[in-house]
Amino acid sequence: MQFIDLGAQRERIRDRLKAAIDRVVDEGRYILGPQVTEFENKLAAYIGTKHVVACANGTDALLLPLFAAGIGPGDAVFVPSFTFAATAEVVALAKAEPVFVDVDPVTYNVDIASLEAAIAMIKKEGRLKPKAIIPVDLFGLAADYDAIMAIANREGLLVIEDAAQSMGGSLDGKMCGAFGHVGSTSFYPAKPLGCYGDGGAMFTNDDEMADKLRSFAFHGKGETQYDNIRVGINSRLDTLQAAILIEKLAILEDEMVARQVVANRYAEGLGDVVTAARNLDGSRSAWAQYAIETPKRDGLKAHLSEKGIPSVIYYVKPLHAQVAYSDYPRTPTGLAVSEELPKRILCLPMHPYLSEADQDRIIETIRNYIGSNSAQAAAE
């Protein structure tokens, strides 16, 4: 049993992938070949934004908007503590300071009250200038963008949507990646839309922002790569990866439907014995991960492993508790949810090709373990 079965997806589109890869190799346009622009245009149409700017990886997709906005020393960027390190890492790389806020206990996304308290604290202290918010659509579920954008508009803050886990997800009919002033995503192979290596993209409706993103991603180029008007970096999506992503994008919507079926079966089969993830009203998660919570997490994980069922803890430690980020500011109201979740959360196998038989075995194994432990505790 696979935690994420990329092999099944590959078999489904093997002939199309082979033809697409062969075409790139035969044409020999390995850097910025026509497939890159084709992919950008098709993804823009799917997400519903005016511009898609492809880049080398998801980390650059978060870093480049900070460069384009001129965010740097003396600036504060508000980020959730319960997420992957890249969300805060890019802020430090830009020489600004990440300010950690807590997450909502149900959605695992930015807690609005915690965000408000952090902004007020930074403004009162006066050492840093509030400049941006990077909400994360964790595990595929869109953050509360109505509230986030209202705060951003009031405070004059840039919003960079970290949609690395939410390609294919939506909120109130709007696709993830299209929220905020800029959206960023990763095409790491395990993502809902992933390539066969590293890759990333940025989304925006702002013409000037799109131009700056393209420039910063290509050594700060102006009219040509030999006309450097900015100090940039080398961050381009390989033509081979773009060709692969075109074929994967073609089946993404079908895979979203299949992921939702898997998520529904988990929620129905486990919802009475553990805290099981569900969509909120108006939302469609991309289900990059399927998370459950239980105080018996460590024992359950070991039991699943014994039965040959993979599971993963996302995330073992919140960012504010990690050595690299321990000295950065944090919301004055505390980070209790971010600190508690690593003790309870467990992610189960989730992909569009998970068979009912395998999923039934996962559900039954979890139910039996939780039930037997509950009965033993009652007897004691």
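Cys-176 is buried, its relative accessible area being 0%. This is a predicted model, and its count of disulfides is 0. Cys-176 is accordingly unpaired, and the nearest cysteine sulfur, in Cys-347, sits 17 Å away. Cys-195 is buried too, also at a relative accessible area of 0%. What keeps the sulfur of Cys-195 from a bond with the closest cysteine sulfur? Distance: the partner would be Cys-55, and 11 Å is too far, because a disulfide needs the two sulfur atoms within 2.5 Å.

Now to the lysine that the record flags. An unreviewed UniProt entry annotates Lys-191 as a modified residue, N6-(pyridoxal phosphate)lysine. In the model, Lys-191 sits in the loop that links strand S8 (182–186) to strand S9 (200–204). Is this lysine buried or partly exposed? Lys-191 counts as partly exposed, because its relative accessibility is 21% and buried means under 20%. Setting aside neighbours within four places in sequence, Lys-191 touches Ala-164, Gln-165 and Ser-186.

Next, helix H5, which spans residues 86–93. Its buried residues are Ala-86, Thr-87, Ala-88, Val-90 and Val-91. They pack against helix H4 (58–68) and against three strands: S2 (75–80), S3 (97–101) and S5 (158–162). On helices in general, there are 3.6 residues a turn, so residues three or four places apart point the same way. Just past the end of H5, Lys-95 adopts a positive phi of about 70 degrees.

Lys-95 brings us to backbone angles, and two aromatic residues belong in that story. Here they are side by side:

| Residue | Phi | Relative accessibility |
|---|---|---|
| Tyr-108 | near 70 degrees | 7% |
| Trp-287 | near 50 degrees | 4% |

Both values of phi are positive in a residue other than glycine. Tyr-108 is in the loop between S3 and helix H6 (112–125), and it counts as buried. Trp-287, which also counts as buried, is in the loop between strand S11 (283–284) and strand S12 (290–293).

Where is there a cis peptide bond? Look at the step from Tyr-314 to Tyr-315, where omega is near 0 degrees. Tyr-315 belongs to the loop between helix H11 (297–306) and helix H12 (336–344).

Finally, the surface. Val-25, Tyr-30, Ile-31, Leu-32 and Leu-240 make up a nonpolar patch there, with about 420 Å² of accessible area together. Val-25 comes from helix H2 (residues 14–27). Val-25 is partly exposed, at a relative accessible area of 41%, so it clears the cut-off of over 30% for patch residues.

Conventions: Residues numbered from 1 in each chain as written. Predicted model: local features only at pLDDT ≥ 70, side-chain atom pairs only at ≥ 80, totals over all residues. Heavy atoms only, no water. Buried < 20%, exposed > 50% of the residue type's maximum accessible area, 1.4 Å probe, protein only. Helix = DSSP H or I, 4+ residues; strand = E, 2+ residues; numbered from the N terminus. Contact = heavy atoms within 4.5 Å. Patch = residues over 30% accessible without salt bridge, like charges linked within 9 Å, V, L, I, M, F, W, Y side chains within 5 Å. Areas by Shrake-Rupley, 256 points an atom, 1.4 Å probe, with all protein chains shown as cover. Salt bridge = Lys/Arg side-chain N within 4 Å of Asp/Glu carboxyl O. UniProt positions renumbered as here; feature names shortened; annotations may be inferred.
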